[in-house]
Structure formats: structure tokens, C-alpha cells
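Trainee: I'm new to this one. Can we go through it together, one piece at a time?

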Amino acid sequence: MALASFQTASSRNGRLSATLSPALGKSSVFIMPEIGRKRQFLSYRVDVARRMQATNRLSEVLPFLKQGDKDAVKKELLSEIEPLDRGAAATEDDRMRIDKLAQKLEALNPTKAPLKSPLLNGKWELLYTTSQSILKSNRPKLLRPNGPIYQAINNDTLRAQNLETWPFFNQVTANLTPSSSSKVVVNFDFFKIAGLIPIKAPGRARGELDVTYLDEDLRVSRGDRGNLFVLKMFDRSYRVPTQG
């Protein structure tokens, strides 16, 4: 009689289920009232909905946080670069500090495939570099490039050009061969002495360039010898000559 009463009550108020307990090696019986299950399920759904709303709000806010971080790092990088004469006046501590700021900015790169982006095209002015072959900081100041230095890239023709201004006006053009979505092999084809006298580049004149940060007005690149380049957009409409 007691057993019958128990079975009747369980069928009315709950659902009887048996599970095997591996630790004990025997059956243990749990009664889960139907109402309790429904309440638990509804509570779970409400919790999931709240989590989804919080995630959606966070996904809306994150881009603005990232934009704010990017702008702040850009501002700090440009401020630190300004007194360094494109890097010619930089000490070892300066170079380490600039490199760390560049790495922070590279981590916030908004352009994931720079070689395919129209933002890459045009003439860029060099703001800072660690390349001694460009800075020539071992020479007296009058024998160094003193005017602006530019680098132009066109990703539709895979052409690039470096241009010095005062006092030497030297130029070099190159063909680019992509090796990833951000990196190219640079094959120099012609040098121009004083911007007038073309000289065919030797076959060994080559290098690599990795575009590690790119937005509408700033580009950070790294060369195959570990040199860092920071450039700002100067002329978006500029086209690199297709030959020499």
C-alpha cells in the first residue's frame, strides 16, 4: 500500500528517473518535480538572454574603445618622433621607446590585408626610420638628405619608388612581389642620380618590406634587416612610373 501510494504521488507531482552512479556501482534514484524543471529551464533562458544582451553591448562598445586606444597611441608615437630628425638624432633609448610604441600601434592595425587596400596607394613622407642607409647620420649634416624623403607605392601595378629631395634628389624605383597579405619582396630596377641620370640596378639590389600598420594617414613598415619606418600620407593621387 505504501509503495502504491509512493508511485501514485510520484506520477502526479514529478518524474522518476534512475541514473547509474559509477562511483557506487549501484542505482540511485532522483525525483525531479515537473514544476521545478520548468522553473529551472526558464531561469536558464533568462540568464542566457541577459548574457547575450551584455555580449552585444560589449561588441558595440569595443570598436570605439579600440579606436580610442589607436588614436592615443598614434598621438604619442608622433609626439615622440617629432624632435628626432627622422631618427638621425635618436639615441638607443629613443629607438627602443619608439619601437615599443610602434608595436603597440601594430597590435591595433585596422587594415588586415594592406597590400589589397587602396589606403596603401600614393606618396608617403618619411617621418622616422632606423635605417642608416637612409639617414646617413655618420655624415656631416650638410652631406645628409635634409629635405623631405618620400616613398610611393601603387598596389595595382606593384610598383614602388623612393625619392630624396634637397640636396641630392636621388631616386630609385622597384617592382614588388607579394609574399603575404602584408609583405613584399622589393626588386630595385633603376636608380636616378640627382633625379636625372638613370642607372640600372644590379640584380642583388633587393629587399623586403612588411606593412605592419596602415590607416588613412599613417603607415608603419618593417624591412628585412629589422629597420622600422613610420610614414604619413602626402599625396594619395601620386603614380609611380611603370618603368625607371
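Mentor: Sure, and keep in mind that this is a predicted model. Let's start with a salt bridge between lysine 136 and glutamate 164, where the closest N and O atoms are 3.7 Å apart.

Trainee: How many residues apart in sequence are the parts that this pair ties together?

Mentor: Lysine 136 sits in the loop between helix 4 and strand 4, while glutamate 164 belongs to strand 5 (residues 159–164). So the bridge ties together parts of the chain that are 28 residues apart in sequence.

Trainee: Is lysine 136 buried or exposed?

Mentor: Buried means under 20% relative accessible area. Lysine 136 has 16%, so by that cut-off it counts as buried.

Trainee: Which residues are joined into one network by salt bridges that share partners?

Mentor: A search of the whole structure turns up 13 salt bridges. One of them pairs aspartate 215 with lysine 74, at 2.9 Å between the closest N and O atoms. Those two belong to the network, whose members are Lys70, Asp71, Lys74, Asp215 and Asp217.

Trainee: What about the inside? Which strands each supply at least two residues of the lining of the largest cavity?

Mentor: That cavity has a volume of about 50 Å³. Its lining has nine nonpolar residues, one polar and no charged ones, with Leu176 and Val211 among them. The strands you want are strand 6 (171–178) and strand 9 (206–214).

Trainee: And which residues form a nonpolar patch on the surface?

Mentor: Together they have about 400 Å² of accessible area. One member, isoleucine 193, is found in strand 7 and is partly exposed at 39%. The full patch is Ile193, Leu196, Ile197 and Ile199.

Terms used:
Residues are numbered from 1 along each chain as its sequence is written. This is a predicted model: local features need pLDDT of at least 70, side-chain atom pairs count only at pLDDT 80 or more; totals for chains, interfaces and linings use all residues. Side-chain values use heavy atoms; hydrogens and water are left out. Patches are made of residues with over 30% relative accessible area and no salt bridge: like charges are joined within 9 Å, nonpolar side chains (Val, Leu, Ile, Met, Phe, Trp, Tyr) within 5 Å. Accessible areas come from the Shrake-Rupley method with a 1.4 Å probe; for residues, only the protein chains shown count as cover. A salt bridge is a side-chain nitrogen of Lys or Arg within 4 Å of a carboxyl oxygen of Asp or Glu. Helices (H or I, at least four residues) and strands (E, at least two) are DSSP runs, numbered from the N terminus. Buried means under 20% relative accessible area, exposed over 50%, partly exposed in between (1.4 Å probe, protein chains only). On a 1 Å grid over the protein atoms alone, a cavity is a set of points where a 1.4 Å probe fits but cannot get out, and a pocket is an open set with protein on both sides within 12 Å along at least five of seven lines; lining residues have an atom within 4 Å of a point. Grid points are joined across faces, edges and corners, and a volume is the space filled by probe spheres set on the points. Ala, Val, Leu, Ile, Met, Phe, Trp, Tyr, Cys and Pro count as nonpolar, Asp, Glu, Lys and Arg as charged, and the others, Gly among them, as polar.
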